[in-house]
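Dear colleague,

Please find below the structure that I am handing over to you. My findings follow directly after it.

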Amino acid sequence: PLPINSFYANQMRPNRPQGTSLDVKLSSHKKLIAFMRYVADECLLCQLSAGSKASAELNICRLHRTAPQYTQFHPWSRTAADADQLNCGNSGPPLSVRLMYRPSAAMLPLFNSSDRKALYDEPAALEVLVGYLKSVGALPSSGTQENSSGEWTAKAAKERRQQLVRLDPVLFDALYKGDEGAKTASSAETLPMHELRSRFLSRLEKWTRIAGGGMEKPTLRQGSCPTLITVRTEKRRGHNVTVVSGLSTLGIRESEFAAELQALVGAAACLEEVPSTNAPPKLEVMVQGLWDRCTIEHLASRHLVPERFVENKAAGRAGMCQKKERKATNVRHA
């Protein structure tokens with residue numbers, strides 16, 4: 001069964017023609033339940049059923065797919081959801097989240113630089129490693145040559161990954177200094193190239209560079225997977241609410257996001273100020289109901305925020321997280 005509020009918010013409103021409005025409150029039915037009963041009387045819905053509780057909302061059990069209104073319908077050339085995605089794409093460059101590396105103090109001799117704030121992506125960092133190995137003669141020459149385009153063949157690349165590289169004192173300190181579980185000098189005189197690359201990257205400080213979207217300038221966060229946005233559920237005055245914080249970090253306007261959530265889930269949404277001692281108050285978005293999964297999916301689809309950067313504090317809390325929609329198992333496909 002599909003709740004009528006979910007059907008109205010996720011199916012009917014996004015699929016209306018571009019430039020039109022669909023608001024059941026402005027119709028003669030005034031309320032969604034009256035409108036759905038009218039649709040059922042017109043033989044577009046075969047069955048409406050109430051939940052187990054007396055106050056539960058109605059659910060759609062079956063659709064009358066052979067009705068002329070369904071069989072003669074032609075999809076709109078452009079829907080409101082398409083227009084929203086187009087507008088979102090034209091508002092600026094898409095949000096990009098990139099993993100960067102910064103050398104520690106023990107690794108600065110490999111980089112020939114005293115700048116501790118310099119950042120490198122993975123190809124640039126590995127290029128520094130290969131350049132140092134070539135400069136000290138620690139990189140053995142491979143018996144397999146490159147092809148005519150200057151690229152390594154699959155066999156040559158495999159042989160190069162398995163090559164043993166001799167570690168000089170500078171390289172050994174960069175890889176193992178300060179590590180309690182480091183190997184002794186006698187057992188770590190050489191390392192395979194693939195293990196050396198992995199160890200080299202793991203010793204670098206990991207930073208995440210966030211740019212694009214609605215941000216005025218790029219920002220850096222320490223760590224490979226920092227928490228940018230937090231979604232949690234609470235109980236306020238006996239009602240369940242979903243609270244979203246940290247939107248300003250990615251340049252997402254809280255007022256616009258509240259309006260998007262309200263239209264998406266069909267529940268009231270508002271802004272809430274959170275006081276801070278040494279900073280101006282921050283804004284959070286609060287929407288009635290348990291909508292943690294729906295909020296995270298909307299952040300990923302509309303604002304291109306990867307799910308790994310959103311912390312869902314409601315996950316695993318019994319009775320305080322959004323329930324999964326059950327899919328019908330008795331649907332026959334032609």
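In this predicted model, Arg237 sits in the loop that links strand 9 (229–236) to strand 10 (239–245). The phi angle of Arg237 is near 55°, a positive value in a residue other than glycine. Arg237 has a relative accessible area of 86% and is exposed.

A second residue with a positive phi is Leu304, where the angle is near 60°, and this residue too is other than glycine. Leu304 belongs to the loop between helix 11 (292–302) and strand 13 (310–312). With a relative accessibility of 43%, Leu304 counts as partly exposed.

Strand 10, which follows the loop of Arg237, also contains Ser245. Is Ser245 buried or exposed? Its relative accessibility is 13%, and Ser245 therefore counts as buried, the limit being under 20%. Leaving out residues up to four places away in sequence, Ser245 touches Leu228, Ile229, Thr230, Arg232 and Glu284.

Next come two residues from the helices in this part of the chain. Thr295 is part of helix 11, and its relative accessible area of 0% makes it buried. Beyond residues up to four places away in sequence, Thr295 touches Val231, Thr242, Val244, Phe257 and Leu261. Glu260, in turn, is located in helix 10 (residues 254–265). Glu260 is buried as well, with a relative accessible area of 15%. Which residues does Glu260 touch, not counting those up to four places away in sequence? They are His298, Arg302 and His303. Thr295 and Glu260 are 35 residues apart in sequence, and their C-alpha atoms lie 9.9 Å apart in space.

As for the protein chain as a whole, it has 334 residues, of which 33% are buried. Its secondary structure comprises 11 helices and 13 strands. The accessible surface comes to about 21100 Å², and carbon and sulfur atoms account for 50% of it. Among contacts between residues at least 6 apart in sequence, 57% join residues that are at least 24 apart.

Two pairs of helices deserve a description. In the first pair, helix 1 (residues 4–12) packs against helix 2 (residues 32–41) at an angle of about 80°, and the axes are 10 Å apart. An angle of 65 to 115 degrees counts as roughly perpendicular, and helix 1 and helix 2 are therefore roughly perpendicular to each other. Which residues make this contact? Helix 1 contributes Ile4, Asn5, Phe7, Tyr8 and Met12, which meet Leu32, Ile33, Phe35 and Met36 of helix 2. By class, the contact of helix 1 with helix 2 consists of eight nonpolar residues, one polar residue and no charged residues.

In the second pair, helix 8 (residues 169–176) and helix 9 have their axes 8 Å apart and pack at an angle of about 60°. That angle makes helix 8 oblique to helix 9. On the side of helix 8, the contact is made by Leu171, Asp173, Ala174, Leu175 and Tyr176, and on the side of helix 9 by Leu196, Arg199, Phe200 and Arg203. Six nonpolar and three charged residues take part in the contact of helix 8 with helix 9, and no polar ones.

Helix 9 itself (residues 193–203) has the following buried residues: Met193, Leu196, Phe200, Leu201 and Arg203. Where do these residues lie around helix 9? They cover an arc of only 160° around the axis, and so they are on the same side of helix 9. Leu196, Phe200 and Arg203 are among the residues in contact with helix 8, and they are also among the buried residues of helix 9.

The last residue to report is Tyr70, whose place is in helix 3 (residues 68–71). Tyr70 has a relative accessible area of 35% and is partly exposed. Apart from neighbours within four places in sequence, Tyr70 is in contact with Leu44, Leu63, His64 and Arg65. One of these, Leu44, is 26 residues from Tyr70 along the chain, and the C-alpha atoms of the two are separated by 8.2 Å.

With kind regards

Conventions:
Residues numbered from 1 in each chain as written. Predicted model: local features only at pLDDT ≥ 70, side-chain atom pairs only at ≥ 80, totals over all residues. Heavy atoms only, no water. Buried < 20%, exposed > 50% of the residue type's maximum accessible area, 1.4 Å probe, protein only. Helix = DSSP H or I, 4+ residues; strand = E, 2+ residues; numbered from the N terminus. Arc of directions from axis to C-beta. Contact = heavy atoms within 4.5 Å. Areas by Shrake-Rupley, 256 points an atom, 1.4 Å probe, with all protein chains shown as cover. Axes fitted to C-alpha atoms, helices over the stretch in contact; angles between N-to-C directions. Parallel < 35°, antiparallel > 145°, perpendicular 65-115°, else oblique. Nonpolar A, V, L, I, M, F, W, Y, C, P; charged D, E, K, R; others polar.
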